[in-house]
Amino acid sequence: MSMDSAASRRLKAIQGHLLPAAGDSRSQIQPNETSGEFVQGQKYSVVLPEKLQTGKWNVYRSVHSPLKLVNRFPDHPEIGTLHDNFVHAVETFPDYKYLGTRIRVDGTLGEYKWLTYGEAGTARSAIGSGLKYYGLPKGARVGLYFINRPEWLIVDHACSAYSFISVPLYDTLGPDAVKFIVNHADVQAIFCVPSTMNTLLSFLSEIPCVRVIVVVGGVDEHLPSLPSTSGVKLVSYLKLLSEGQSNLQPFCAPKPEDVATICYTSGTTGTPKVAHIPAVLLITGVVLSHDNLIASVAGMSRATRFYPSDMYIGFSSYISYLPLAHIYERANQIMSLYYGVAVGFYQGDNLKLMDDLAALRPTIFCSVPRLYNRIYAGIANAVKTSGALRERLFNAAYNSKKQAIMKGQKPSPMWDRLVFNKIKGKLGGRVRFMGSGASPLSPDVMDFLRVCFGCQVIEGYGMTETSCVISTMDDGDNLSGHVGSPNPACEIKLVDVPEMNYTSEDQPYPRGEICVRGPIVFQGYYKDEIQTREVIDDDGWLHTGDIGLWLPGGRLKIIDRKKNIFKLAQGEYIAPEKVENVYAKCRFVSQCFIHGDSFNSCLVAVVSVDPDVLRDWAASEGIKCEDLEQLCSDQRARAAVLADMDAIGREAQLRGFEFAKAVTLVLEPFTLENGLLTPTFKIKRPQAKEYFAKAISDMYAELSTSDPTAQK
């Protein structure tokens, strides 16, 4: 008897006894040659045994590729490196618009001016040849020390074509962190702009590995002359471009396993690496290879497609404003490149982003919950203050359209004409795809975006160490409040966390720490084998530190964080991000920081208020307001904000101990510049706790006076 027929008989016998998984009538067992003989299928994921002998079915893969983890684009398996991907784009879309910036006419910014894919390819060859001309060897690290603009991507493509390793630099951690990264990575060339050039020159003698500094937007005649003893060449981008064109070099193409980039990230644990950086900050270099990045984006392409042209408007476009130093935006750029999408850059000021959106009118818009929450709050507030008739019309349109979407039906176009087209216009009016990442998006906000903008809205989950995406929502899945099924390029399992009472046996859903394995997992932390071993176990599983659960059908939901939880005095555990995401929907709240500790039995909040909403509230209450700072300290304002937060909390069914019992109002936003946000716009908790220490102390003192039981 053959092995195949024996396996088939066992398969048939098992299927005869198999009950469908909860909530999924399509559950089934199928042969699988990769991790064992069988997989159990669900709607969005399949489940496999991690080790056949143990009999425990706990490893989830995407239903799009259950038998083999994706590591190449299915349509173009020859693309194994970022260089291959760019060559593919230049050859396939040579005359398509690629990189766009707004041009200034008579002192004001006008329309976008574009470089084609072919023109970008020519510039890439010249910049790479210029670096070779200045003596950079294969494998040299090249720093990029400026915000999003076309030259950033051209330099990145040049690095890929000539086997250099790109190292994004950002100054949100301060000049000491930049100095540390340059020295730690042995960066030999740095591309910067005039403002960041001045920072580099201020500590030039302390970064002896640097040989070339290239100033984007600089003019050679105006560049300072460096002493010959420095050993550093200072040139403009245009001069390097010209020298490269005059001395063109053949490509030095990388292999898929070669390092493509080292992305430095900041954490909040461990030993400080830089004397002048706060002790809570750990800077680590995440080493990503070409095949890491290609596998991640190839896997994403199975669930999400960015088409180069749109049947209604001619070409697809994407606005680039999320930091290119962060993996979220890097992955979006690799995906856009593969599909030949036009990338328009913002003018560099987040406060003017809406103006850029109106000029570009993108079809693809990716952002973070912080901005989506602001859009949600702004529209909700505008509706509330529009008058009873318009509010009733909006609510009728919203409820009708939401009901149709949830049923998988096509909503009446009447509601768009009457209500939603004006809202769509805020993002340019042509958005067909919206993506969210970096932190959890509230289900209410997700539903709101789907209804108001009438397009596909996808939430994903990932991290730098997994080359971006770990999981993403599937097209056509209308359930919100989760981050979808595994990227087809990885597999996921949940590991028990007994100290937090999370186990794989939990009912109704298995819970535990999210662990990831596959070709998207990074090569390790640069020059830090000890920390690498702390996060990657002997079986190749990356331990993310995030807590998740599996919803029916094989969809992942993030519910907690191992590092950020804290315990209140009475023993209750708090996940502050969950509470902050609820309060983000309060009309007064621009940003919110929740604090608690084991010495107190309740939470307190620091709220960065929306000044316009606060001013309108004061006017409606007859409170004369000339000084908003003074109004923030007014007990009436604090009470009004806390009452609104309480209402939002009750609506979201927060548990009693999850409600903030006191609030401090501040006008200053939490920003990268004041050290309260990470580059991915997450709150830096230790820094925020220190920054608002007096306010926190005052709130607890006030609570203990008014109600002694509220504190102890």
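**Figure 1. Overview of the predicted model.** Contact means heavy atoms within 4.5 Å, and on this basis residues 24 or more positions apart account for 64% of the contacts in the protein with a separation of 6 or more. This is a predicted model, in which local features need pLDDT of at least 70 and side-chain atom pairs count only at pLDDT 80 or more, while totals for chains, interfaces and linings use all residues. Residues are numbered from 1 along each chain as its sequence is written, and side-chain values use heavy atoms, with hydrogens and water left out. The protein contains 22 helices and 30 strands, which are DSSP runs numbered from the N terminus (helices: H or I, at least four residues; strands: E, at least two). Of its 712 residues, 57% are buried (under 20% relative accessible area; exposed is over 50% and partly exposed in between, with a 1.4 Å probe and protein chains only).

**Figure 2. Packing of helix H2 against helix H9.** Helix H2, residues 82-92, packs on helix H9, residues 327-339, at an angle of about 35°, and the two axes are 8 Å apart (axes are lines fitted to C-alpha atoms, for helices over the stretch in contact, and angles run from 0 to 180 degrees between N-to-C directions). From H2 the contact takes in Leu-82, Asn-85, Phe-86, His-88 and Ala-89, which meet Ile-334, Leu-337 and Tyr-338 of H9. By class, the residues of this contact are six nonpolar and two polar, with no charged residue (Ala, Val, Leu, Ile, Met, Phe, Trp, Tyr, Cys and Pro count as nonpolar, Asp, Glu, Lys and Arg as charged, and the others, Gly among them, as polar).

**Figure 3. Helix H12 and its buried face.** Helix H12 runs over residues 388-406, and its end C-alpha atoms are 27 Å apart, which agrees with the 27 Å that its 19 residues should span at 1.5 Å a residue (the expected span is 1.5 Å times one less than the number of residues). Phe-394, Ala-397, Tyr-398, Lys-401, Ala-404 and Ile-405 of H12 are buried. Viewed down the axis of H12, these buried residues fall within an arc of 135°, and therefore they line one face of the helix (the arc is that of the directions from the helix axis to the C-beta atoms). The cover over the buried residues of H12 includes helix H11 (369-384), helix H13 (413-424) and helix H14 (443-453), whereas Leu-389 and Arg-392, on the other side of H12, are exposed. Just after the helix, Gly-408 adopts a positive phi of about 75°.

**Figure 4. The open sheet S28-S29-S30 and the helices that lie across its strands.** Three strands, in the order S28-S29-S30, form an open sheet with mixed pairing (two strands pair if DSSP finds at least two bridges between them). The edges are strand S28 (589-595) and strand S30 (660-666), each of which has a single partner strand, so one side of each is left without a neighbour in the sheet. From one strand to the next, the twist averages 25°. Strand S29, residues 603-609, pairs with S28 in the antiparallel sense over six bridges, and Ile-594 stands opposite Ala-605 in S29. Helix H16 (residues 576-583) lies across S28 and S30 and runs at about 155° to S28, while helix H19 (residues 635-651) lies across S28, S29 and S30 and runs at about 125° to S30.

**Figure 5. The pair of strands S9 and S10.** S9 and S10 run parallel and are joined by four bridges, with Cys-192 standing opposite Val-215 in S10. From strand S10 (residues 212-215), Val-212 and Val-214 point one way and Ile-213 and Val-215 the other way, and all of them are buried.

**Figure 6. Ser-163 and Asp-186, two positive phi angles outside glycine.** Ser-163, in the loop between helix H4 (150-161) and strand S8 (165-168), has a positive phi near 60° and is buried, with a relative accessible area of 7%. Asp-186, in the loop between helix H5 (175-184) and strand S9 (187-192), has a positive phi of about 55° and counts as partly exposed at 30% relative accessibility.

**Figure 7. The cis peptide bond before Pro-508 and the surroundings of Glu-513.** Gln-507 and Pro-508 are joined by a cis peptide bond with omega of about 5°, and Pro-508 is found in the loop between strand S21 (491-495) and strand S22 (511-517). Glu-513 belongs to strand S22 and counts as buried because its relative accessibility is 6%. Leaving aside residues up to four places away in sequence, Glu-513 touches Lys-493, Leu-494, Val-495, Val-497, His-543, Thr-544, Gly-545, Asp-546, Ile-547 and Lys-562.
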